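Student: Got a minute to go through this one with me? I'd like to start with how the parts meet.
Tutor: Sure, put it up.

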Amino acid sequence: MSDNFGFDTLQIHAGARPDPATGARQTPIYQTTAYVFRDADHAAALFNLQEVGYIYSRLTNPTVAVLQERIATLEGGVGAVCCSSGHAAQIMALFPLMAPGCNVVASTRLYGGTVTQFSQTIKRFGWSATFVDFDDLDAVRRAIDENTRAVFCESIANPGGYITDLDAISSISDEAGVPLIVDNTSATPYLCRPIEHGASLVVHSTTKYLTGNGTVTGGAVVDSGKFDWSALGKFPSLSEPEPAYHGLKFHETFGPLAFTFHSIAIGLRDLGMTMNPQAAHYTLMGIETLSLRMERHVENAVKVATWLENDPRVDFVTYAGLPSSPYHNRVETICPKGAGGLFTFAVKGGYEACVKLVDSVEIFSHVANLGDTRSLIIHSASTTHRQLSPEQQEAAGAAPNMVRVSIGIEDADDLIADLDQALSKTAT
Ligand SMILES: *Cc1c(COP(=O)(O)O)cnc(C)c1O
């Protein structure tokens, strides 16, 4: 589909066409595991990657393929691979790049689960992560060494309302010859397009705003197609004969689609972190209204954050959409349509008051999720960020006196009234 169409058109049409068999206008849920080969030659061509087609749904599925094309188009990438969750997408993004002994340089301001995945779990693969403050550009530069294979950050970092200067970070990763991976979950491609700021790969938890209503988990890795995998010899899985696929040279064979093909032919084949067609269907439904929802999320977040900032029971609010935020000046360049719908605020009375607040809300739901149409609240220090050290909690914007909200698309006045009555219970 033409890239000249606007975002609102692409979020509904990109990747989809009437079903060739039935004319069905909506993308059918192809609930099938396998696909009949026309003949033995056809089967051989598919397995040799000489012809693109469907073999087995662990690798590719027509419903999932529509979602992949839709997300790739919205992000301005050449291809995308959908996965079973956002965390699966992060492993899938690193997998073709890393080997035992390799490291990823990551921002300290990340989703709590990502901090745990990077600081603990990836060690079992022989990989490691070096965490640095991405506002300290010299520290980022210094942290990159000869074994670094990726730089990783979030565009709008959940939960602290921090916006990364993607242009500055991508010029450092470019200089070092390593790809920049940006988790664009909190911003979505409607608010931020990381590839335009130099990202090589973009990852998503589609569980959040892309699906938009808290129904299914999923993830995606989008390939910009712009990184030169062969230039420095650092990415042999992509530039050299790949033993896991009978010696195929992915970069030479597939050019800008090397990463995408590698992720399907080897990543999904062997790691099996596949998105199922039902999940893809729900996410396709959600994406059709992404821009409308994000506009309302932002509008409501600005209203609620402004009200909270002026309330004496609240110490401060960290939302980049507020002029008081140190990151406010990055909104215009990084996410010009708004700073998203997520932020944290500090409650006077600390830990105890926060726990009382989450127990007293009525419209807000106390859940470990974000990006739902309904407003959500969580006390990160006692839940999602519980396993982090106090220093890590502080760095991630999840100190004991902080509450995180994901502002939904309800009436802003009702949300404010709900927080008002709940805050009045924290004072007693
Ligand atoms: C939720 C989330 C993830 C993990 O995604 P899952 O779908 O829950 O696995 C990663 N990054 C960010 C920013 C998230 O919000």
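Student: How many salt bridges are there between domain 1 and domain 2?
Tutor: Zero. Keep in mind that this is a predicted model.

Student: And how many residue pairs are in polar contact between domain 1 and domain 2?
Tutor: Eight, with both residues of each pair at pLDDT 80 or more.

Student: Back up a bit. Where do the domains run?
Tutor: Domain 1 takes 7–97 plus 179–286, and domain 2 takes 290–423. Their centres, taken over C-alpha atoms, are 32 Å apart. The contact draws 20 residues from domain 1 and 23 residues from domain 2.

Student: What area is buried between domain 1 and domain 2?
Tutor: About 1,800 Å². Carbon and sulfur atoms give 58% of that.

Student: Which residues of domain 1 lose the most area to domain 2?
Tutor: Tyr190, Leu191 and Tyr209. Together they make up 46% of what the domain 1 side buries.

Student: Which elements give two or more residues to that side of domain 1?
Tutor: Helix 1 (7–13) and helix 8 (188–191). Helix 8 provides the largest share, four residues.

Student: What's the mix by class on the side of domain 1 that touches domain 2?
Tutor: Eight nonpolar, 10 polar and two charged residues.

Student: New topic: sheets. What is the strand order in the open sheet of five strands?
Tutor: The order is 10-11-14-13-12, and the pairing is mixed. Strand 10 (314–318) and strand 12 (365–366) are the edge strands, each pairing on one side only.

Student: Strand 13 and strand 14: parallel or antiparallel?
Tutor: Antiparallel. Three bridges join strand 13 (residues 376–378) to strand 14 (residues 402–406).

Student: What stands opposite Leu376 in strand 14?
Tutor: Ser406.

Student: Back to charges. How many salt bridges does the count come to?
Tutor: The count comes to 12 salt bridges. Between domain 1 and domain 2 the count is still zero.

Student: Show me one. What does Asp138 form a salt bridge with?
Tutor: Arg141. The closest N and O atoms are 2.7 Å apart.

Student: Where do Asp138 and Arg141 lie?
Tutor: Both sit in helix 6 (residues 137–143). They are three residues apart, about one turn of the helix.

Student: Why would side chains like that pair up at all?
Tutor: Side chains of opposite charge can pair when their charged atoms come close.

Methods:
Residues are numbered from 1 along each chain as its sequence is written. This is a predicted model: local features need pLDDT of at least 70, side-chain atom pairs count only at pLDDT 80 or more; totals for chains, interfaces and linings use all residues. Side-chain values use heavy atoms; hydrogens and water are left out. Domain bounds come from an automatic or database domain assignment. Contact means heavy atoms within 4.5 Å. Buried area is the accessible area (1.4 Å probe) that two parts lose on being put together, summed over both. A salt bridge is a side-chain nitrogen of Lys or Arg within 4 Å of a carboxyl oxygen of Asp or Glu. A polar contact is a pair of N or O atoms within 3.5 Å; within protein, one must be able to donate a hydrogen and the other to accept it, and residues adjacent in sequence count only if both atoms are side-chain atoms. Ala, Val, Leu, Ile, Met, Phe, Trp, Tyr, Cys and Pro count as nonpolar, Asp, Glu, Lys and Arg as charged, and the others, Gly among them, as polar. Two strands pair if DSSP finds at least two bridges between them.
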